[in-house]
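The following exchange asks how certain descriptive terms are justified. Please keep the structure in view while reading.

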Amino acid sequence: MSSTAAPPEPADYAGDLEEFNKTWAGPKGFFKWFATIDNGPIGFGFMFFSVVFFLLAGLMALLMRVQLAVSENTFLSPEVYNQLFTMHGSTMMYLFIVPFLEGLIMILLPPMLGTRDMAFPNTSSFGMWTFLSGGLMFYMSFALGDVPTIGWFAYPPLSGPEYTGLGTSFWLLGLGMAEIAGILSGLEIVVSCLKIRAPGMSLARMPLFAWTILVTGVMIVAAFTTLLTATMMLELDHEIGTQFFDPNHGGKPLLWQHLFWFFGHPEVYIMFIPATGFISSIVPVFAKRPLVAHTYVIIAIVLMGFLSFGLWVHHMFATGIPWLSMSFFTAASLMIAIASGIQVFAWIATLWGTRPAMKTPMLWVMGFLFIFVLGGLTGVMVAIVPFDWQVHDTFFLVAHFHYVLIGGVLFPCLAALYYWMPKLNGRMLSERMGKWSFWTTFIGFNVAFFPMHMMGLLGMPRRVYTYPSSLGLDGYNMVATVGAFLLALGFLLTVANVIVSARKGERAGADPWGGDTLEWAISSPLPGPMFYQIPPVYSRHPSWETDESKRQDERIERASRATANKPETWRGILMVDVLNGLPQSIQPLSKGGYAPSFAALMITVASMGALLKLYLVGAICILLALVSIIVWLWPHEAYLKKIRESAPALEEESGLPVFTTGEKSIPWWGIVGQISTVSLMFSVLFYSYFYLRLYSPTWPQGGIPRPDLLMPGVAYGLLAASALPQLWARRAFKRGEEWQVSGGLIGTLLLGAAFIWALYAYLGGLEFTHRTNAYGSMFYLIQWLMSGLVGVGMLLNLGLHYRYRRVPEDREHFMPVQMQVTAMFWYFLAVLGIAVYGVVFLSPYV
Amino acid sequence: MTETMPPSLKRGVGRILRARGVWAVPALGAAFLLGGCEGDRIQSTLHPASEAAAKIAWLWWVMCGAFTAVFLLVMVLLLLGVYRRPSGEGTGPPLGGTRFVILGGIAMPTVILLGLLIASLETTVALRLPEKQTLTVEVIGHRWWWEVRYPDQNIVTANEIQIPTGVPVRLVLKSADVIHSFWVPRLNGKMDMIPGHTNTFWIAAEKPGEYRGQCAEYCGLQHAKMAFYVVALPPEAFRAWVAERQTPRPAPEAFLPGQEVFMQAGCKNCHTVRGTAAVGRVGPDLTHLGSRISLGAGEIPNTPGHLGGWIGNSQRIKPGNLMPRSFLAPEELHALVRYLEAPK
């Protein structure tokens with residue numbers, strides 16, 4: 001059970017170590033933090049800033065508990081209390097748990113999968129900086145003196161322009177940034193899990209942790225895209241006077257609730273599923289045997305991810321929706337309880353009779369099981385419609401979701417922290433301090449939150465800054481407040497433990513716990529270039545595998561050998577087949593730079609400029625952001641040259657292509673991810689369109705005539721037709737007919753421009769605007785987004801055309817995949833255009 | 001030390017101290033569940049005063065019992081699994097790993113949850129709006145008070161809903177601004193009040209009495225102080241109440257100075273007093289203010305002293321409410337209070 005895959009001996013097939021190290025070394029100096037794209041520092045950034053936000057939100061929670069300790073307290077004004085619960089909730093939900101998990105995932109996933117970095121390192125960097133900017137924008141409201149008081153759920157009309165000001169606009173924008181960061185990490189996680197594993201790591205051999213992350217990634221993309229679309233609509237209500245959620249102009253407040261909870265319910269599982277991944281990683285190592293009922297657990301995770309999107313209405317039982325549809329959501333909620341049950345019993349079965357050592361990670365796991373089972377059971381209770389009618393929006397709910405989020409998510413995170421700390425900084429956390437921290441946290445938590453069940457049942461609503469003594473709740477509240485301080489002390493002990501142990505902690509070897517996954521096969525802390533040689537994998541527990549006779553697949557061995565200290569001059573990783581894990585290609589990763597962090601910064605400044613009505617600043621920064629995104633996406637010619645030079649030898653040795661297209665190449669997966677996200681966003685918009693129509697007495701609203709078919713038909717016809725020159729260019733590219741490629745691309749550009757011109761000529765002649773009513777808002781938003789996307793597609797075509805003319809030596813190498821993704825995106829736009837025409841222009845006639 | 005403890009905590013601790021050994025856990029639970037006396041429980045879901053609320057409370061007790069058993073079972077299995085010395089043959093859980101997971105993780109929850117689903121559906125159906133209703137009341141949520149209208153009886157009041165006992169009362173729930181939620185825990189569950197959208201709901205009370213309710217959907221600054229009372233009257237008393245409300249009497253001469261203050265100090269811009277020129281609809285209808293239980297939507301008792309304080313500066317009592325401070329001379333204020341509290 002000890003590690004067998006030690007770092008390889010320099011053999012005759014290995015590349016030059018010094019050169020290799022230099023390629024993978026990160027940037028130096030203070031500014032390295034802005035230039036780095038390595039998963040280590042980026043993941044650390046995510047975790048560090050999220051913990052800062054966590055401490056802030058925790059402090060706010062303590063202030064609120066002081067206010068509620070006794071009835072009729074005047075410690076905080078109602079205004080401040082409402083600000084605090086808004087910022088506490090939204091910080092914890094948007095700025096702490098998900099970014100913290102993303103950081104930990106970013107650090108742990110590549111070594112677990114046996115690869116050298118995440119699939120899109122530039123995106124990691126951009127995501128981290130957008131998340132941080134989003135967080136700062138959240139907290140800008142303190143500087144503006146206008147902290148939002150809308151709750152983390154921001155229900156309109158209370159969160160709309162009528163009742164809130166600039167602080168809420170900033171908050172919404174910050175939320176949007178955090179969501180963009182989330183979506184990008186989600187895409188990156190999915191592609192990394194599916195494609196960039198060690199050779200031989202089939203889906204069946206992929207660690208359970210990676211399975212949970214894969215499911216989470218898919219969920220993040222779907223849920224966050226929905227919320228991003230809704231946030232954008234609400235922000236537009238604030239900034240440019242659209243009417244999506246204003247009931248006085250045809251908008252529907254309930255539409256927000258549907259969209260919000262379509263995000264909000266999966267969000268809970270987005271946090272919980274990785275947490276189960278931590279538990280499923282730690283339990284087998286302490287039990288010293290593989291997880292029992294492994295397949296059932298995977299099925300349960302996938303089921304959980306899937307079902308969680310069918311539950312959103314269970315947050316809306318009191319909004320007056322038909323009882324039959326509520327019953328459906330109750331049934332779905334109960335099914336998800338079974339998925340949790342399977343996992344709990346699998347963990348117990350794995351531990352059964354193994355007498356695991358009660359080290360700190362295991363203690364947190366035990367605490368997790370205690371609290372999570374309780375929280376899960378109250379979760380089943382609130383899925384029962386009549387009972388939910390009573391406890392919905394009371395302290396019972398507050399108790400329930402803190403049991404789930406602290407017990408079910410934070411405890412596993414702390415277990416993970418104690419368990420993987422050696423991989424983060426090479427040292428163990430102090431066991432003694434860890435045990436103190438655990439017991440203080442565990443006791444404090446239960447003292448703080450158990451009484452809240454009773455407060456809710458006895459009639460205390462949520463989000464109240466005070467309560468009358470006649471409710472008889474003073475005793476419970478006082479106990480809860482005392483518990484909250486104990487809980488805070490427990491957390492601080494772990495923070496102190498991390499700080500102290502970072503200097504004085506006992507040095508950990510590569511594998512202090514006897515772990516089964518690949519990260520324990522390499523040194524602690526994780527080395528710069530993660531794997532000198534990407535290891536061949538023949539087992540679900542590669543570090544426990546001692547049977548050498550299994551190592552016989554020549555394709556796997558050959559691919560692994562070819563990566564020994566190689567490629568030397570560029571960052572290369574292996575891509576594998578999704579299902580069987582056989583190596584498919586060697587792909588270059590970007591080498592990093594300032595462009596992603598600069599783009600994030602510029603987008604932030606630009607949006608702040610727009611909100612503060614400093615339009616010139618906004619315009620300049622948005623231009624700079626665009627330029628830096630182009631710089632970031634533009635293939636780095638000198639780097640490409642290095643790749644072209646060493647590719648033939650590498651291809652010869654590994655038997656794998658370097659320059660390739662389709663699902664064997666990283667850019668292809670990037671564009672598939674983008675297309676999926678945009679499709680989801682338009683699905684949300686179409687859903688909103690039909691939702692508004694369903695609940696409007698007339699459609700279009702407010703006497704607006706049904707849209708003209710001819711002019712928009714011409715515009716969208718031009719867009720559909722533009723797929724033809726694109727197809728022509730693509731064909732000619734394959735045959736190498738230079739002038740036809742140019743002709744095709746220019747033809748596409750001209751037709752794209754004609755589409756935009758025709759569309760805006762039509763829009764300019766309309767009688768109504770986006771301010772008229774919700775119909776007008778929806779109508780214009782879809783058109784604006786469509787024309788924006790066509791603009792992006794045109795930029796892709798322009799870039800391709802430029803490179804095709806100027807860098808002919810690359811036509812056989814990287815450019816084919818550039819041509820492929822450009823064309824894929826353009827075909828997608830043509831199809832999307834047809835869908836938009838159908839929904840916006842044809843459907844009102846049906 | 002026990003002297004400084006809040007009463008419910010003291011009782012709870014007392015209970016724990018008297019309990020011994022294995023009974024400590026259920027006793028702790030019981031202390032939490034039953035802590036406090038009937039009198040404190042004016043807004044408790046566990047002290048139902050209607051059939052509907054009783055059904056929900058019953059559902060709670062069933063779930064509470066069943067889930068406590070499930071929780072204890074899982075914890076016992078966990079502790080047994082972790083701490084028991086492995087016996088001779090192997091270290092697997094009883095019945096073997098996979099079968100253990102299928103039985104515990106799939107079969108057991110399925111059986112329990114199916115039963116629960118049936119109970120839930122049954123209760124949901126039983127809680128539907130009864131076919132036969134005798135009375136319709138329209139309740140409109142405002143920031144932060146409740147407008148109450150009896151459309152068939154042509155009565156308007158605020159922050160208080162009079163209903164007859166023993167019959168279901170149909171509620172039409174609306175909102176004038178943001179989302180609120182109507183909740184009287186001892187009578188029924190809650191239902192949201194959404195602008196641009198009408199929800200129907202119902203309540204019934206078995207016995208005469210005052211039942212406190214509170215807004216349950218966060219609605220801004222004073223969400224915490226948006227309460228109201230349902231006053232259940234025996235049917236004859238309710239009929240008398242309706243009759244009294246339907247026959248407006250002009251204020252007796254003695255109160256006319258107060259009425260004058262009301263008209264001149266700007267009160268009438270926001271408030272209505274039926275039978276006078278005051279028809280404002282921003283704030284509550286004040287026609288029968290004297291008969292109400294509370295002022296400021298459940299915030300303070302309705303006494304002349306409190307009313308004077310409220311008119312003088314309601315911002316101190318409920319900061320952020322829409323009523324501005326007034327600067328009346330003492331005798332004006334006195335007359336105004338007398339006028340408002342007078343039976344009309």
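The questions and answers below concern a predicted model.

Q: Why is B:Cys64 called buried?
A: The relative accessible area of B:Cys64 is 16%. The term applies under 20%, so B:Cys64 counts as buried.

Q: Is B:Cys219 buried or exposed, and what makes it so?
A: B:Cys219 has a relative accessibility of 0%. That value lies under the 20% cut-off, and therefore B:Cys219 is classed as buried.

Q: Why is there no bond between the sulfur of B:Cys219 and the closest cysteine sulfur?
A: The closest cysteine sulfur belongs to B:Cys215 and lies 3.9 Å away. A disulfide requires two cysteine sulfur atoms within 2.5 Å, so the sulfur atoms of B:Cys219 and B:Cys215 are too far apart for a bond. A search of the whole structure finds zero disulfides over all chains.

Q: What makes A:Pro157 a buried residue, and where is it found?
A: A:Pro157 sits in the loop that lies between α5 (121–144) and α6 (166–195) of chain A. Its relative accessible area is 8%, which is under 20%, so A:Pro157 is buried.

Q: Which residues are in contact with A:Pro157, leaving aside its neighbours within four places in sequence?
A: In chain A, the contacts of A:Pro157 are A:Tyr163, A:Pro247 and A:Pro253. In chain B, they are B:Asp177, B:Val178, B:Ile179 and B:Pro195. Each of these has heavy atoms within 4.5 Å of A:Pro157 and is therefore said to be in contact.

Q: How many residues does each chain bring to the contact, and what area is buried?
A: Chain B brings 92 residues and chain A brings 87 residues. The two chains bury about 7700 Å² between them, with 72% of it on carbon and sulfur atoms. Such an area is quoted because the size of an interface is often given as the accessible area lost when the parts come together.

Q: Why is the pair B:Glu217 and A:Arg463 called a salt bridge?
A: The closest N and O atoms of B:Glu217 and A:Arg463 are 3.9 Å apart. The limit is 4 Å, so the pair qualifies as a salt bridge. The rule finds one salt bridge across the interface of chain B and chain A, while 19 residue pairs are in polar contact between these chains.

Q: Which element gives the most to the side of chain B that touches chain A, and what are the classes of residue there?
A: The element is α4(B), with 19 residues. By class, this side of chain B has 53 nonpolar, 26 polar and 13 charged residues.

Note on methods
Residues numbered from 1 in each chain as written. Chains lettered and ligands numbered in written order. Predicted model: local features only at pLDDT ≥ 70, side-chain atom pairs only at ≥ 80, totals over all residues. Heavy atoms only, no water. Buried < 20%, exposed > 50% of the residue type's maximum accessible area, 1.4 Å probe, protein only. Helix = DSSP H or I, 4+ residues; strand = E, 2+ residues; numbered from the N terminus. Buried area = accessible area lost by both parts, 1.4 Å probe. Salt bridge = Lys/Arg side-chain N within 4 Å of Asp/Glu carboxyl O. Polar contact = N/O pair within 3.5 Å; in protein donor to acceptor, adjacent residues only side chain to side chain. Nonpolar A, V, L, I, M, F, W, Y, C, P; charged D, E, K, R; others polar.
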